[in-house]
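Trainee: I have a structure to go through and would like to ask about it piece by piece. Please show it first.

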Amino acid sequence: MKIETRMSCTLALLLLLSITFFAAGCECVPETAAELCADRNQACGLLATRDSCQVSRAVNCGSCTAPDPDPDPDPDPDPDPDPDPDPDPDPDPDPDPDPDPDPSIVLEITRGGVTALADHEWIEDATLRFYAWPPSELAHWTTKWALNFRADSPDHAVLTAAVPFGASNYALFPEADGCPDATSRTSLDPDRWYRIRIDKPGYYPGIFYRYHAGYLADCAPSHCEADRSRAERCAQMDFALAKKDVAHPRLPDLIIDPRDLDDRAWQCTLLPAGHRHERLIGLRVTVGAANVGTGGLHLRAAEVNGEEQVLQTIDWSDGRLDERTLSDGGFEYHIPHEHFHFLGWLDMALVEPRAECQYGTPREASCYRQTAKKISFCLMDLSPFDEEIQVIFDGRRAYLDPPTCNSLRQGITQGWKDAYGKHLPGQLLILGTPEESDAAGPHWLEVRVDPDHLLLEANPHNNFVRTLIEAPPSSAEICASAATTLDCTMPREQYTSDEQRWQCRGYLRYGEDNP
């Protein structure tokens, strides 16, 4: 949209005065917030744009749920640079310039830095778009983020500031009128995932998937006064963008897709005579891991110094390839699946939802109802996950099966996802005997990819997902249905179904692992 320049000089002066005098005496007058909103046809919400003076602005166009009678409380964008040295705007003869914040009213601030990947320089005028993820349109685990999906309708948007404040150059928090720190008037929701896209000319777009754990830290001092009558709690999200003319490694970034965890089923298993338990109740869970980085996860087995090792190949933006030997880990032939698996791919756990068992705090062993440690996977490109990542970073599908799972080269291409269904071996967490199951309430289901940090990736801190699952149905209900009952009472050579061959082994070992 064309933006007309508004000058404080009259047309007559423009015609009569010289260019030199004009440059020295005329001054660019920016639009008010109301004028910017009207000119961009935005009725409400945050507007991140440049004004006619080419200054980056993030202005509030009013509430989207109720009319805002005063969207621009400061109609004078250019106050007198030499004001009265002793103004008295406050009728209170004895104001308190620094009132103690009210701890019962908390200002929740999401802030962070956007810097250059190569030299860590601050990047100004970068546009951040935050999308609560997954949105309702992508609730099913097989649905991908399509190219240009909701490009112009993020849940939150903000511009980075030219001058950093503390360790940040952007912030999102409510009721921040008059704050110059490139803020929006909304807070991010705690305990949920966000997909963030960051754009800045001269840089590759940044696409990031981050879990917003909540406002857990005291805020660092800022020159933004916002609302000092409130206590402040912060969440920090930092990002780095790669310049297009600077060679850089393109690393994978692994996350667990929380949508897959909704595909789960309770199961009653009958065990043979002589086993420690007659019946066990288990939870079968689908788990999927996506690569949301700018480069692929590439693994291959090779002989290094006479020993079998697994190597990770690293892509570079200029076409170079690097390789690193994993400090631990490897491939093995997985007998139930009849193909090769990468070892130690993920952990799963059922955790008691007690205060002392919260994630991030030291836990007693009693917090864990059941764990499945270091589950192995055949890594492949099973389904598309993020089409924008595929297009921007050349995420052409590289690991199809066949032949991937029968080879010693495996991986997940950027923008793709691998998943193991709940019916497959290894996707089992055992709650216990019917009596223990009936006494159990809700649990946290926790899953972590690359739990031993064997792999080099862009962000190892977003590998963890947890979801609260409901208490199981009664054991009598689960065991009464043929669809949810598995018979493992016969010798293994008499198994007649893949379900028995794949799943009985985990139940039969429960007495060994849990004496």
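Trainee: In what order do the four strands of the open sheet stand?
Mentor: The model is a predicted one. The pairing in this open sheet is antiparallel. Its four strands follow the order E6-E5-E9-E10.

Trainee: Which strands stand at the edges of this sheet?
Mentor: An edge strand here has a single partner strand, so one side of it is left without a neighbour in the sheet. That applies to strand E6 (156-159) and strand E10 (206-212).

Trainee: Over how many bridges do strands E5 and E9 pair?
Mentor: Strand E5 covers residues 127-133 and strand E9 covers residues 192-199. Leu128 stands opposite Ile198 in E9. The two strands pair in the antiparallel sense, and the number of bridges is seven.

Trainee: Which strand gives the largest share of the largest nonpolar core?
Mentor: In soluble globular proteins, nonpolar side chains tend to be buried together. The largest such core has 59 residues, and Tyr209, Leu299, Phe342 and Trp345 have the most contacts inside it. Its largest share, five residues, comes from residues 339-351, that is, strand E23.

Trainee: Is Thr484 buried, partly exposed or exposed?
Mentor: Thr484 lies in the loop between helix H6 (475-479) and strand E31 (485-487). Beyond its neighbours within four places in sequence, Thr484 is in contact with Trp266, Gln267, Cys268 and Ile478. Buried means under 20% relative accessible area and exposed means over 50%. Thr484 has 25% relative accessibility, so it counts as partly exposed.

Terms used:
Residues are numbered from 1 along each chain as its sequence is written. This is a predicted model: local features need pLDDT of at least 70, side-chain atom pairs count only at pLDDT 80 or more; totals for chains, interfaces and linings use all residues. Side-chain values use heavy atoms; hydrogens and water are left out. A nonpolar core is a set of buried Ala, Val, Leu, Ile, Met, Phe, Trp, Tyr and Cys residues joined through side-chain atoms within 4.5 Å. Buried means under 20% relative accessible area, exposed over 50%, partly exposed in between (1.4 Å probe, protein chains only). Contact means heavy atoms within 4.5 Å. Two strands pair if DSSP finds at least two bridges between them.
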